[in-house]
Amino acid sequence: MGWLEQLAKEREYKSLRAVALKMTKSDRWPAKDKRSPETVANKLRDADKGEDVAYWTTGAGRSLLPALAEVLGEEDEGDLLDRFQNEPSPSTSQSPAVWPFKMFPALRAIELHSEDPCPGVPPALVRVGGPREARTWWVAPTGAGKTLVGHWLEARYGWTFHQAESWADVELPTQGRVFVDLASTAGISVEAFEVIPAAVTICVACPNPPPEKSGNRKIGLYDNGVPRLPSLLGEELGQAVSPSLFTILYTPPAAVWADALIKWVTKRVKPGGGFDAGRVHELLSHEDMLALFETPGELIGFLGTVEYAGLARFEGSERQSKDPLWLVRIWLKALLERDDRRCAPGTTELFRICGSEMLRGMEMERLRRGLGPALCESCWIELVPRGHAPELNRDRLLSVINEAGTDALAQLHSLLAPDGASVVAGLEAAGVLARNCDAGHLRIKPAWVANAIDAIAVDSLYNDTPNGLGSLLLYETTSEGALRRLINDVCAGDFRRVEACLTAGEPASPEQMAALDGGFRAIGNALVSGVSLPTDWVHEVWARQMRYTFRRYSNWPPIPILQIAQESHHGATATSVWLFAAFSISRTLTDAGVDIGRSPLNPWCGLPEDAGERDVCIEALSSIGRIGRTGDETADRDPLGLLIYRLGAVLLERLGVLRRHTSLLELQHPDLLVALASGADLEMEGSEREDLLHLSFGLDALEEACQRRGVDLGEVLRWCWHKWRAQPDIWRWPPLRWLGRGGFTAKYKDAERIWKHVSADVLPDAFYQQLGEIPEVWLWLTEPIWARWLDVWSTQDGRWSKDAAVFSALPEALALQAVRDGRVDPWCHEVREVLWKRMPTALLDLVDELATLPPNPHPRLAGDGGPISSLVYVAPAEHCPRLVERALARGFRPHRPTQASWGGYAAGSPAWSSSGRLDGGRLTHSSFKHTATSVSSQ
């Protein structure tokens, strides 16, 4: 079966004769052409075998192509001509007939002669006939599908396919179409491409962009038209060459093609394995998961691992496997079985035996040194564990050769085991290490495997205390995560790592110093969280840490000589968190009666008497307060922030209101506000009280403060509402500021909680007048607030075209009452339109109700029929037949019109005019608009 017969089958034709017969009946068949269906069918069969194709491209069959294109449905005439010209016969193709998936054996192979490559390949490459541009460059990292596309173009359209390590290895013909799978652009100049014969159409697929020609930078695009933005700060836009040389394509982000690829896999995977399409979709529904896959091949490899191992092992408790390397083992085993990823036999055998352990060891060493994930080749060689790949002992090798004993061969085999350089070369050949486009550095690929190996290495170091843990804490790329984990473990009652730090003795290395710092912070946080720890143990941690502190700044207390690497001024690695831990530990020891002396870090028996030391203490406490600040730059708060306010509450109880210069200490803010709301008489300035109303500490901190002081949160918020009402600008305060207007970050959950505690009488009229501009709060308002808004709205001039959208959220009972009592007056057309869209059934019932009542005309509108007439006048066309039936049932007749009937007003509406007319009590397709008046409903 050739491509034409395959296409006919796909279009549900039984044979090429059926196609020919359909062509002769097509409107696009030449009018005077007398060729029989049998003749056309024979010519189609010849072309399907690759014979007499010229009949269709330049001969007598060329005029029949429009009819053939129409019969084959989606085929464009130009695309069809391309296929006739370019489609090779099965016997001439040098590519395999099928493309199997070595990383996913359960996936049905692609039939290259009849099926397209998988989703994720840029569409410009897989269109009929292949790329249209004369010069195309596809920036295709490992797994993008470049080898698949090359074989597919060769098998399907007769392209010449070359695979080459460098451009020097590429031999181009003088004419034709060529696809080059190029390993690297090393050593290539732009001039090398300028000598490509003009008659050659070429597409180069390479992990790197083409060499640049100075002065020709432009923004590159993904094939779907999405601008390719810089991925790193300072990276220049695009990868440009002279526009006359190459059209550059990129593999789009996974979010563009992942869904289609999963559906494609679902249709092709053999049943019975671990692949579950629904659960895979759920697993990959998050952006952070999709970001792990740069290319379709990476995702297919992952799905192949899922199919082999079962999805359950990726979820829940099974992630904590007794063999943490199981995922890497499965993936590496499949990788080493691929023919296109071959490395030296000795290296392959080494990888089969201990490849996953070796990768873990390399990653652990990388983390110990604080190196990034992309490294030069020599750096990777240094990371290879010498226990698995010892350096070559050349002297011993020469000695064995010279001795040439009976066991010389076995000794040589042992001495010639792969060394570090061989391992790195083998990992690159296998595709475990892939080169970056920039600087040619190597990194572990794909990203999901790199993440798995990184997580395993981090676990191994974390459990190696104090040295391994200290390594993670010494570098900012890993310090925050490791410290958060340690804090969580200690707060959960797992003290093993802190105990290991203590039993290791005095710190003798940077790693041990960092581990001591981490343990100190973890204990301080745990104590404030209410965790009970042995006093002597806490005292030992305090004493040991204090022995390794010094005064770095004159206005600060002593801090560690060597600290954890600080990722930013916020987070658990910030110096302020160490200070917080110090105040927490000193409080616990002081309350337990342990004498640790008076110092700026121990104010629990009173602030230092010395003014300078007192200022140092206040400065440190002020620094701690910044941990809890939420501000408007973030909607989420740091969990550590809540803890610092617990410390502030104790300070307020023991030392009263504290200030740094003229500003209140932030760590006391929540408890100060609750105290004020409870009627406490505190010596505070008006500006200080007003500042507390901004709730910069967040609602969670306020709720905790209420619980500490035994006060209802709702009462405090109602007190705040009264204070906010008195302020001139309602947009400055949390109820509206937290909606995210004016560039502020939205905090909808907290805003909703605030709105649940406001009463109608507290809100100012200015709010009610602006409610139409604040749709975010509509769903949070109570019925009394809505009733008050309706009262304010009803008195406003020009309300007829104002706030109609609010009626989409107004409680239905209030909306109907507003229509019933005439507050939605004859000029409020937009309001009635909103109500008809929202509650047609309720309005039809209201029409029935009003029809039984005497008319209530508007006093300023002569001849008005009251609310019912205005209501039916704007009724949508789909409801008019039901209104007509109601009118008929109440005695309305268009041929006996009198005054003041709602039916007469309705008859003049545009919707009723196009609905039909009443003729003998029946609705017909004509005009109803001539009936201007009618009898009043009885």
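**Exercise 1. Work out how Arg708 is placed and what its side chain pairs with.**

Start with accessibility: Arg708 has a relative accessible area of 32%, so it is partly exposed; buried means under 20% relative accessible area, exposed over 50%, and partly exposed in between (1.4 Å probe, protein chains only). A word on the model before going on: it is predicted, local features need pLDDT of at least 70, side-chain atom pairs count only at pLDDT 80 or more, and totals for chains, interfaces and linings use all residues. Residues are numbered from 1 along each chain as its sequence is written, and side-chain values use heavy atoms, with hydrogens and water left out.

Next, find the partner. Arg708 forms a salt bridge with Asp671, with 2.6 Å between the closest N and O atoms; the term asks for a side-chain nitrogen of Lys or Arg within 4 Å of a carboxyl oxygen of Asp or Glu. Arg708 belongs to helix α30 (residues 699–709) and Asp671 to helix α28 (residues 669–677), so the pair ties together parts that are 37 residues apart in sequence. Helices here are DSSP runs of H or I with at least four residues, strands are runs of E with at least two, and both are numbered from the N terminus. Asp671 is buried, at a relative accessible area of 0%.

Finally, widen the view: salt bridges that share partners join Arg646, Asp671, Glu704, Arg708 and Arg709 into one network.

**Exercise 2. Compare the burial of the two partners Glu506 and Arg544.**

First, the contact: their side chains meet in a salt bridge (3.9 Å, N to O). Glu506 sits in the loop between α22 (496–503) and α23 (510–528), and Arg544 in helix α24 (residues 535–546), so this pair ties together parts that are 38 residues apart in sequence.

Then check each side. Glu506 is partly exposed at 35% relative accessibility, whereas Arg544 is buried at 7%. For another pair, take Asp489 and Arg497, which meet in a salt bridge at 3.7 Å, N to O; both of these residues are buried. In total, the structure holds 41 salt bridges.

**Exercise 3. Trace the five-stranded open sheet.**

Begin with the order, which is β4-β5-β6-β3-β7, with parallel pairing; two strands pair if DSSP finds at least two bridges between them. The edges are β4 (160–164) and β7 (247–250), each pairing on one side only.

Now zoom in on one pair: six bridges join β5 (residues 176–182) to β6 (residues 200–206). Phe179 has Cys203 in β6 as its bridge partner.
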